[in-house]
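Student: I would like to learn how to read strands, loops and cavities in a model. Where should we begin?

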Amino acid sequence: MENTQIDTPVMQLTKDDFASDQMVKWCPGCGDHAILHAVENVFPNLGIAKEDFVVVSGIGCSSRFPYYMNTYGIHGIHGRAAALATGVKLANPKLSVWMITGDGDCMAIGGNHFIHTIRRNIDINILLFNNKIYGLTKGQYSPTTPQGSKTKTSPQGTIERPFNPGELVIGSQGNFFARALDTNPKAMTSVFMEAAKHKGTSVVEILQNCVIFFNKAHDLITSKETRDDNQLWLEHGKPLIFGKDRNKGIVLKGTRLEVVTIGENGVTEADILVHDQYEKDPGIHMMIARMMPPEYPVALGVIRSVAAPTFDQSLVDLIEHEKQTSKFKTADDLLQSSPTWTID
């Protein structure tokens with residue numbers, strides 16, 4: 001006898017329905033607080049029953065997240081959130097699965113799980129908190145720490161070249177990649193909504209500040225003095241224009257992007273590259289994801305959003321096909337299908 005799933009109407013939920021009664025133990029001023037509030041704003045608006053949310057994490061400051069959401073959750077082991085999230089989704093494809101991870105958790109010890117989850121395109125949402133440091137263990141350099149940074153484990157300055165998460169995601173055949181700032185909760189909420197709507201693995205990199213061990217790691221992008229010239233907010237179908245006076249733009253020259261000033265050297269708005277987040281060819285998306293100050297502004301918002309078959313749906317289809325076409329209907333059919341023997 002098979003279990004029967006009973007669908008019930010989804011109740012109108014509010015932010016308070018997802019607020020945990022646990023004490024939030026992040027440091028005062030930590031960017032994680034803003035991310036938590038953004039997620040609490042998003043969940044009630046997805047039209048999903050409360051019992052169908054699962055929040056999964058690995059290890060790190062960010063990975064305390066499941067305690068602070070009033071949903072089902074798993075606080076896993078270091079670097080293995082992707083494996084846990086994959087298992088949860090395959091066990092019950094109806095669930096909305098959110099993986100919370102940091103730059104150390106998913107790009108160092110969990111790197112292999114991370115890239116293969118993206119390659120498979122299983123339908124989960126990954127929020128990658130990138131503070132460019134190991135905060136929980138008090139300040140070792142991580143895979144995204146800028147080269148030359150002096151940390152507890154690189155007192156002379158790290159000599160390693162850092163990962164760019166967007167480059168890694170798109171290079172792993174990722175179909176959805178977006179970037180947000182912990183200092184802009186409204187835009188961050190909008191990006192999370194777009195990620196939730198995407199069918200397949202969505203990855204949102206949040207540039208998040210660790211006030212204790214790498215304060216102002218994103219200062220060039222977020223400070224009042226430089227943010228206008230170093231932030232480029234993407235909109236599908238709109239030209240890549242930025243700057244305090246909205247007179248700077250990105251053009252494609254040959255095989256590379258270039259910053260130009262509208263009104264100088266004959267450049268007009270018509271010359272500026274127009275963003276197409278749905279373009280299947282990853283070439284331009286990869287170049288946009290790689291843009292960083294001081295040469296370029298950093299691209300924020302949805303960089304890539306391409307529809308593709310998901311791993312979980314493909315697996316369901318495969319199992320159903322086998323049920324319909326295989327001559328084996330039970331395990332006993334399989335065991336009795338060929339000669340057997342006994343061991344004395």
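Tutor: Begin with a pair of strands, and keep in mind that the model is predicted. Strand β5 (residues 176–181) pairs with β6 in the parallel sense, over six bridges. One of the contacts to look up is A178, whose bridge partner in β6 is V204.

Student: What holds such strands together in general, and which other strand pairs with β6 in the parallel sense?

Tutor: Strands of a sheet pair through backbone hydrogen bonds, in either a parallel or an antiparallel arrangement. Here, β4 (residues 125–130) also pairs with β6, in the parallel sense and over six bridges. On that side, I126 has V203 as its bridge partner in β6.

Student: How do I read which way the side chains of β6 point?

Tutor: In a regular strand the side chains alternate between the two faces of the sheet. In β6, S202, V204 and I206 point one way, while V203, E205 and L207 point the other way.

Student: How many residues of β6 are buried?

Tutor: Six of its six residues are buried, and the strand is mostly covered. That includes both sets of side chains just named, E205 among them.

Student: Take L207 in β6. Is L207 buried or exposed?

Tutor: L207 has a relative accessible area of 3%, and because the cut-off for buried is under 20%, L207 counts as buried. Leaving out residues up to four places away in sequence, L207 touches N130, R179, A180, L181, D182, H218 and I221.

Student: How far apart are L207 and F129, in sequence and in space?

Tutor: They are 78 residues apart in sequence, and their C-alpha atoms are 6.5 Å apart in space.

Student: H218 was in the contact list of L207. Where is H218 found?

Tutor: H218 is in the loop between β6 (202–207) and α7 (219–222). A loop residue can be checked with the accessibility value as well: H218 is at 5%, so it is buried. Its contacts, not counting residues up to four places away in sequence, are N130, N131, K132, L207, Q208 and N209.

Student: What is the backbone of K216 like, and is K216 buried or exposed?

Tutor: K216 has a positive phi of about 70 degrees although it is not a glycine. K216 is placed in the loop between β6 and α7. Its relative accessibility is 54%, so K216 counts as exposed.

Student: Which residue in the loop between β4 and α5 should I look at?

Tutor: K138 is placed in that loop, between β4 and α5 (165–171). Phi of K138 is near 75 degrees, a positive value in a residue other than glycine. K138 is exposed, because its relative accessibility is 51%.

Student: Which residues does a cis peptide bond join?

Tutor: P293 and P294 are joined by a cis peptide bond, with omega at about 10 degrees. P294 sits in the loop between α9 (283–290) and β11 (298–305).

Student: Now a helix. How do I read α6?

Tutor: An α-helix has 3.6 residues a turn, so residues three or four places apart point the same way. Helix α6 (residues 185–197) has 13 residues and spans 19 Å from its first C-alpha to its last, close to the 18 Å expected at 1.5 Å a residue. The buried residues of α6 are A187, M188, T189, V191, F192, M193 and A195.

Student: In what order do β8, β9 and β10 lie?

Tutor: These three strands form an open sheet in the order β8-β9-β10, with antiparallel pairing. The edge strands, each pairing on one side only, are β8 (241–242) and β10 (256–261). Strand β9 (residues 248–253) pairs with β10 over six bridges. Within that pairing, V251 has E258 of β10 as its bridge partner.

Student: Last, the cavities. How many of 30 Å³ or more are there?

Tutor: The count comes to one cavity of 30 Å³ or more. The largest cavity holds about 30 Å³ of space.

Student: Which residues line the largest cavity?

Tutor: The lining is G79, R80, A81, A82, M99, T101, D105, C106, G110, H113 and F114. At least two lining residues come from each of α2 (81–91), β3 (96–102), α3 (103–109) and α4 (111–120). By class, the lining has five nonpolar, four polar and two charged residues.

Conventions
Residues numbered from 1 in each chain as written. Predicted model: local features only at pLDDT ≥ 70, side-chain atom pairs only at ≥ 80, totals over all residues. Heavy atoms only, no water. 1 Å grid on protein atoms, 1.4 Å probe; cavity = no way out; pocket = protein on both sides within 12 Å on 5 of 7 lines; lining within 4 Å. Points joined across faces, edges and corners; volume = space filled by probe spheres on them. Helix = DSSP H or I, 4+ residues; strand = E, 2+ residues; numbered from the N terminus. Nonpolar A, V, L, I, M, F, W, Y, C, P; charged D, E, K, R; others polar. Pairing = 2+ DSSP bridges. Buried < 20%, exposed > 50% of the residue type's maximum accessible area, 1.4 Å probe, protein only. Contact = heavy atoms within 4.5 Å. Expected span 1.5 Å × (residues − 1).
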